[in-house]
Amino acid sequence: MKQSQLFTKTRREAPKDEISKNAILLTRAGFIHKEMAGVYSYLPLGLRVLKKIENIIREEMNELGAQEIELTALQDKNLWEKTNRWDDKIVDIWFKIADGNLGLGFTHEEPLTRIMAEYISSYRDLPAYVYQFQNKFRNELRAKSGIMRGKEFLMKDLYSFSRTEEEHANFYNKVKVAYEKIFNRAGIGNRTYFATASGGSFGNISHEFQTICDAGEDSIYITNKEKREAKNKELGIENLEEKKSVEVGNIFPLGIRFSEAIGLYFKDENGENKPVVMGSYGIGLGRLMGTVVEVLSDKKGIVWPREISPFSIHLLSLSESAKAFSDEVHKTLEANKIEVLYDDRDLRAGEKFADADLIGIPAQVIIGEKSLASKTLEVKNRASGETREMTLENLINELI
Ligand code: ATP
Ligand code: MG
């Protein structure tokens, strides 16, 4: 894509009403637009990152044998009354509309359990795993962390339906491994811990994936650095190292709380009626994206990990005389299905460098007088700042 065609522009100044690093950098670089506190729109560059994250998660969910669906945002009061979660004293983050008779979903255990009750009746129908990507609505009080805490935010929510606690535990462990892969691919695996937490309203042990981050609203106690294991602060523990962290995902055993309340039963091998054992597993995509910005950016701007970068290459053409060669490089890279943001704008080299460092694409290909003379490319690593000279052919071979 030619940068001259991108409708967004970078900004030198930080927006006055933002305090979080992720919101400041993502706004300056033109990835997001703030509608109001805790409510952000995704612009072309931001949406590309979000979709990359979505696709990584989708691949790992499909690998688990889960099936993708899409539920509605509008929620039925009668259904949520069955689990006692309509009451504002119990769930204080609802956005309700239509005189309080409809709500905007903040999670989706209730509607999915009701759907599954129509299809599951025998042990032969189980286990089943279902997931979706959907905007959730939560009237969060503390919406000061940019896209890490939205009032409207995209979540991947997976739900498991098992016959026994044992079958449930087996799948739960597989999700743990899938989550580790997701956070590795998103570039934050080495600082993300598997933290044991209390189960909140469900009274069980649950687990959170917590990324060490100064801007985090949580904190964890590290119990095993090598295995990246920790305990949530709520469990409280002395003599362990405490670190600020962000909850990028969590996995939750739900037991039979929802299946009993909504009526999701199956007949086992002996013809006995039993409630289905459930689990739920969330990841906030915006929170993950914001966390990556928080932990990997530097003084110059964002640094995207390869797999979630909006483009693979940022091609910078530094002068009018470099244009023909740059056009050719652009065409050849795109013909090889490599995603390129091509800075073809009529701007000074210094401005192009500053923009490229702010936007954070991991590899910058710089075409100036030097490359024209040698017909080689100068390839700069955004994270380390190191440059290498290579032919176009070698670059393509490295990327595909
Ligand atoms: P928190 O304690 O941070 O509010 P939570 O326990 O309410 O999180 P869940 O309800 O388990 O979170 O949601 C699943 C995942 O969705 C979280 O692990 C997180 O990644 C993400 N998430 C939760 N709330 C938000 C939010 N307001 N904005 C963005 N992502 C969120
Ligand atoms: Mg919350």
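**Notebook: cavities and ligand 1**

I began with the lining of the largest cavity, which consists of S145, M148, R149, A215, G216, E217, D218, S245, V246, E247 and R287. I note that the model is predicted.

I then looked up the volume of this largest cavity and recorded about 80 Å³. I sorted its lining residues by kind and obtained 3 nonpolar, 3 polar and 5 charged. I also asked which element gives the most to this lining. I found that strand β13, residues 242-255, does so with 3 residues.

Next I looked up the number of cavities of 30 Å³ or more, and the count is 3. For the second largest cavity I noted a volume of about 50 Å³. I listed its lining as Q3, L6, T8, K9, T10, A29, R345, D355 and I359. These residues divide into 3 nonpolar, 3 polar and 3 charged. I checked the domains as well: domain 1 (3-296) and domain 2 (311-399) each give at least three residues to the lining of the second largest cavity.

I turned last to ligand 1 and counted 13 residues around it, the closest being R138, E140, G150, E247 and N250. E247 also appears in the lining of the largest cavity.

I looked up the polar contacts of ligand 1. For E140, I recorded 2.8 Å between an N or O atom of the side chain and a nitrogen atom of the ligand. For R149, an N or O atom of the side chain is 2.9 Å from an oxygen atom of ligand 1. For G150, a polar backbone atom is 2.8 Å from a nitrogen atom of ligand 1. Finally, I noted that ligand 1 has 590 Å² of accessible area on its own, of which the protein covers 82%.

Notes
Residues are numbered from 1 along each chain as its sequence is written. Chains are lettered from A and ligands numbered from 1 in the order in which they are written. This is a predicted model: local features need pLDDT of at least 70, side-chain atom pairs count only at pLDDT 80 or more; totals for chains, interfaces and linings use all residues. Side-chain values use heavy atoms; hydrogens and water are left out. On a 1 Å grid over the protein atoms alone, a cavity is a set of points where a 1.4 Å probe fits but cannot get out, and a pocket is an open set with protein on both sides within 12 Å along at least five of seven lines; lining residues have an atom within 4 Å of a point. Grid points are joined across faces, edges and corners, and a volume is the space filled by probe spheres set on the points. Helices (H or I, at least four residues) and strands (E, at least two) are DSSP runs, numbered from the N terminus. Ala, Val, Leu, Ile, Met, Phe, Trp, Tyr, Cys and Pro count as nonpolar, Asp, Glu, Lys and Arg as charged, and the others, Gly among them, as polar. Domain bounds come from an automatic or database domain assignment. A residue is near a molecule or strand if one of its heavy atoms lies within 4 Å of it. A polar contact is a pair of N or O atoms within 3.5 Å; within protein, one must be able to donate a hydrogen and the other to accept it, and residues adjacent in sequence count only if both atoms are side-chain atoms. Accessible areas come from the Shrake-Rupley method with a 1.4 Å probe; for residues, only the protein chains shown count as cover.
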